[in-house]
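Dear colleague,

I am passing on to you the structure that we spoke about, and below it you will find my notes on what was found there. Please read them with the model open beside you.

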Amino acid sequence: MSTAEVKTTDQAGIIQIKRVGANLGAEIGGIDLRQPLNDAQFSAVQDALVANELLIFHDQDIDSAQLKAFGARFGELTVHPFAPSDGNDHSLIKFANDADSPPFGTDVWHSDETFRAAPPMATVLCAKEVPEVGGDTVFASMTAAYEGLSDKLQDFISGLEAIHDFKPFKSLFSDSAEDRETLQRYEREYPPSIHPVVRVHPLSGRKVLFVNPQFTIAIKAMEERESRGLLDTLFHQALIPEYQFRHHWKANTIAFWDNRSTQHYAIHDYYPQRRFMERVTIKGDRPEGVGTADPATIRRAKFEAIGGADPHGGHKPLPQNERD
Ligand code: SIN
């Protein structure tokens with residue numbers, strides 16, 4: 001299953017891209033993220049991200065400024081309105097969880113901040129301190145999750161739109177007059193967003209199932225009961241182990257995931273042990289659906305450029321009900 005890929009470029013030297021998951025996930029070697037990426041490295045990493053959806057970099061002892069510089073190479077860093085950050089630097093999220101500070105809200109399948117009109121295109125998460133046992137993160141390829149649906153269901157959902165809302169973060173606000181006012185301000189700033197249920201990846205042109213149980217509250221223009229039933233079916237796709245990759249953290253490991261084509265779930269099984277992570281997110285575009293994506297603007301992912309890492313080799317995985 002895991003094939004070592006070696007990419008040689010003039011400026012980048014040798015970058016190793018080793019596929020580690022059947023449907024997503026590759027380990028990247030041969031790059032020191034303490035240094036700025038040159039153009040060849042940048043484009044190799046960007047192509048690898050689109051093709052593999054999740055990249056893992058081991059043994060990267062980088063500081064916060066270097067983490068931000070790495071993220072900013074791929075686009076403007078964004079500020080999460082509700083996540084814990086360093087007081088002065090809101091683009092750097094700090095998940096510092098221990099006996100006094102339990103993790104909040106990341107143990108639900110989601111892609112980051114889909115309540116925004118333009119959710120982040122990617123996220124970089126760096127492990128600083130990890131528990132002795134537990135604290136893994138599970139990722140799911142929502143490309144594979146889409147491809148695993150029956151043709152009939154793919155057709156049915158292809159023109160639908162869904163409503164995304166920041167509802168889980170509302171519990172962070174108390175009933176005080178000040179908190180109520182702040183929450184109302186956030187509600188004005190982040191009204192519910194409408195996104196296509198089937199998103200077309202802007203670089204690969206592949207179709208992605210783009211609903212998640214953390215932020216997707218309803219399918220637009222459907223009865224509540226119909227919407228709930230359909231969403232339950234679609235949410236279930238991320239739970240199928242074949243579409244997942246479970247990442248076990250070591251300190252100084254970095255995960256860089258494509259937020260347009262994946263979901264993730266942080267396993268909250270380590271509390272009250274300490275786990276300390278730093279994260280940045282990179283600005284994305286408004287999601288385009290099947291009918292709205294302009295084929296002329298879609299650049300096919302350069303699978304061949306990294307040695308043909310298309311996990312399906314051009315074949316679509318069988319839906320669950322057609323497997324042995
Ligand atoms: C997140 O970005 O949802 C957190 C992931 C993690 O802590 O592993």
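**Strands, ligand and loops**

Strands S6 and S7 form a hairpin, and 2 residues lie between them. Please keep in mind throughout that this is a predicted model, and that residues are counted from 1 along each chain. In the hairpin, strand S6 (residues 85-86) and strand S7 (residues 89-97) run antiparallel and are joined by 2 bridges, and if you would like a place to begin looking, Ser-85 stands opposite Ile-93 in S7.

Strand S7 also pairs with strand S18, again in the antiparallel sense, and here 5 bridges join the two. Within that pairing, Asn-97 stands opposite Arg-275 in S18, and Arg-275 is worth remembering, as it returns among the residues that surround the ligand.

Which residues surround the ligand? They are Phe-95, Thr-106, His-110, Leu-125, Thr-137, Trp-257, His-264, Ala-266, Arg-275 and Arg-279. Three of these residues can be followed down to single atoms: a polar side-chain atom of His-110 lies 3.0 Å from an oxygen atom of the ligand, a polar side-chain atom of Thr-137 lies 2.5 Å from an oxygen atom of the ligand, and in His-264 an N or O atom of the side chain is 3.0 Å from a ligand oxygen atom. Taken alone, the ligand exposes 260 Å², and the protein buries 98% of that area. The place where the ligand sits is the largest pocket, and the elements that give two or more residues to the shell around the ligand are strand S17 (262-266) and strand S18 (275-282).

Strand S17 belongs to an open sheet of 3 strands, which has the order S15-S9-S17 and antiparallel pairing. Why is one side of strand S15 and of strand S17 left without a neighbour in the sheet? Strand S15 (244-247) and S17 stand at the edges and each has a single partner strand, so one side of each has no neighbour in the sheet. Neighbouring strands of this sheet are turned by 20 degrees against each other on average, if direction is ignored. Strand S9 (residues 137-141) is joined to S15 by 4 bridges, and the two run antiparallel. The bridge partner of Thr-137 in S15 is His-247, and you have already met Thr-137 as one of the residues around the ligand.

A further open sheet of 3 strands has the order S11-S10-S14, and its pairing is antiparallel as well. Its edge strands are strand S11 (193-196) and strand S14 (216-219), each of which pairs on one side only, while the twist from one strand to the next averages 35 degrees. Strand S10 (residues 161-164) pairs with S14 in the antiparallel sense over 3 bridges, and the bridge partner that Ala-162 has in S14 is Ile-219.

Two details of the backbone, both of them in loops, remain to be mentioned. The peptide bond from Tyr-271 to Pro-272 is cis, with omega near 10 degrees, and Pro-272 has its place in the loop between S17 and S18, the two strands named above for what they give to the shell around the ligand. The other detail concerns Ala-221, whose phi is near 65 degrees, which is a positive value in a residue other than glycine. You will find Ala-221 in the loop between S14 and helix H6 (224-236).

With kind regards

Terms used. Predicted model: local features only at pLDDT ≥ 70, side-chain atom pairs only at ≥ 80, totals over all residues. Heavy atoms only, no water. Pairing = 2+ DSSP bridges. Axes fitted to C-alpha atoms, helices over the stretch in contact; angles between N-to-C directions. Near = heavy atom within 4 Å. Polar contact = N/O pair within 3.5 Å; in protein donor to acceptor, adjacent residues only side chain to side chain. Areas by Shrake-Rupley, 256 points an atom, 1.4 Å probe, with all protein chains shown as cover. 1 Å grid on protein atoms, 1.4 Å probe; cavity = no way out; pocket = protein on both sides within 12 Å on 5 of 7 lines; lining within 4 Å. Sits in = over half its atoms within 2 Å of the grid points.
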